[in-house]
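I opened my notebook today to look up a few things in one protein. Here is what I wrote down as I went.

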Amino acid sequence: MTHLAREALDDLLERARTVAGNSYSPYSGFKVGAALQLSNGEIITGTNVENVSYGATICAERAAMVEAVSRFGPKIRVQAVAVVNLNDAASPPCGICRQVLAEFTEADASVAFPAGDGVRVMAFADLMPLATEMKLK
């Protein structure tokens, strides 16, 4: 797994926590932020933006990934992901976010999120086991 120094992990989690404060979540009240450490050293953040139809809602992880590709192009790679919510709930990326992240995230990238037992850090491959096998070659 891509090893993150504790300071780098804490920085990503704090950036995710900060951007969660910008969440537009009037329907659920569930405020989420994400921070991505990119292969070029940049850190990109995103927050969830809800819609009354719920299906048009975009999660924080996808908001950050779209920003990363918009700024740096489709060859950019994610080395680490941090997801935080302001509702004291576990925050692993949802299934749709995992699929979107899989297009740009290396299998050994770190994923960090609060869980019942503190902050959980795991390899992306453990979060999305078949991701690399499902990519077009």
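**Entry 1: a tyrosine at the surface**

I began with Tyr 54, keeping in mind that this is a predicted model. Is Tyr 54 buried or exposed? I found a relative accessible area of 47%, so Tyr 54 counts as partly exposed. The cut-offs explain this, because partly exposed covers the range between under 20% for buried and over 50% for exposed. I placed Tyr 54 in the loop between β2 and α2. I also looked up its backbone: Tyr 54 has a positive phi of about 60°, although it is not a glycine.

**Entry 2: its ring partner**

Next I searched for aromatic pairs and found one in the structure. Tyr 54 forms that pair with Tyr 27, in an edge-to-face arrangement. I noted 6.4 Å from centre to centre and 65° between the planes. The label edge-to-face fits, because planes over 60 degrees apart are counted that way.

Where do the two partners sit along the chain? Tyr 27 is in the loop between α1 (6-20) and β1 (32-38), while Tyr 54 is in the loop between β2 (43-47) and α2 (60-72). They are 27 residues apart, and the pair links distant parts of the chain. Tyr 27 has a relative accessible area of 39%, so I wrote it down as partly exposed too.

**Entry 3: another positive phi**

I then looked at Asp 88, which has a positive phi near 55° and is likewise not a glycine. Asp 88 lies in the loop between β3 and α3 (95-102). Its relative accessibility is 81%, so I marked Asp 88 as exposed.

**Entry 4: a valine inside**

From that loop I went back to strand β3 (residues 78-85), where I found Val 83. Val 83 has a relative accessible area of 2%, so I noted it as buried. Which residues does Val 83 touch, beyond those up to four places away in sequence? My list has Val 32, Gly 33, Ala 34, Glu 61, Ser 91, Pro 93, Ala 112, Phe 113 and Pro 114. I also checked Glu 14, which is 69 residues from Val 83 along the chain, and the C-alpha atoms of the two are separated by 9.6 Å.

**Entry 5: a glutamate in a loop**

Glu 42 was my next stop, in the loop between β1 and β2. At 33% relative accessibility, Glu 42 is partly exposed. Leaving aside neighbours within four places, I saw Glu 42 in contact with Leu 36, Gln 37, Arg 71 and Phe 72. Met 65 is 23 residues from Glu 42 in sequence, with 12 Å from C-alpha to C-alpha.

**Entry 6: stepping back**

Finally I looked at the whole protein. I counted four helices and five strands, which follow the pattern α-β-β-α-β-α-β-β-α along the sequence. The C-alpha trace spans about 40 × 30 × 25 Å along its principal axes. A compact globule of 137 residues would have a radius of gyration near 14 Å, and the protein agrees with its 14 Å.

Buried residues make up 42% of the 137. Of the contacts between residues at least 6 apart in sequence, 61% join residues at least 24 apart. The accessible surface is about 7,100 Å², with 54% of that belonging to carbon and sulfur atoms. My last note was on charge: there are 12 positive and 15 negative side chains, and the centres of the two sets lie 4 Å apart.

Definitions and conventions
Residues are numbered from 1 along each chain as its sequence is written. This is a predicted model: local features need pLDDT of at least 70, side-chain atom pairs count only at pLDDT 80 or more; totals for chains, interfaces and linings use all residues. Side-chain values use heavy atoms; hydrogens and water are left out. Rings of Phe, Tyr and Trp (its six-membered ring) pair if their centres lie within 6.5 Å; planes under 30 degrees apart count as stacked, over 60 as edge-to-face and the rest as tilted. Helices (H or I, at least four residues) and strands (E, at least two) are DSSP runs, numbered from the N terminus. Buried means under 20% relative accessible area, exposed over 50%, partly exposed in between (1.4 Å probe, protein chains only). The radius of gyration is taken over C-alpha atoms; the globule rule is 2.2 Å times the number of residues to the power 0.38. Contact means heavy atoms within 4.5 Å. Accessible areas come from the Shrake-Rupley method with a 1.4 Å probe; for residues, only the protein chains shown count as cover. Lys and Arg count as positive and Asp and Glu as negative; His and the chain ends are not counted. The place of a charge is taken as NZ of Lys, CZ of Arg, CG of Asp or CD of Glu.
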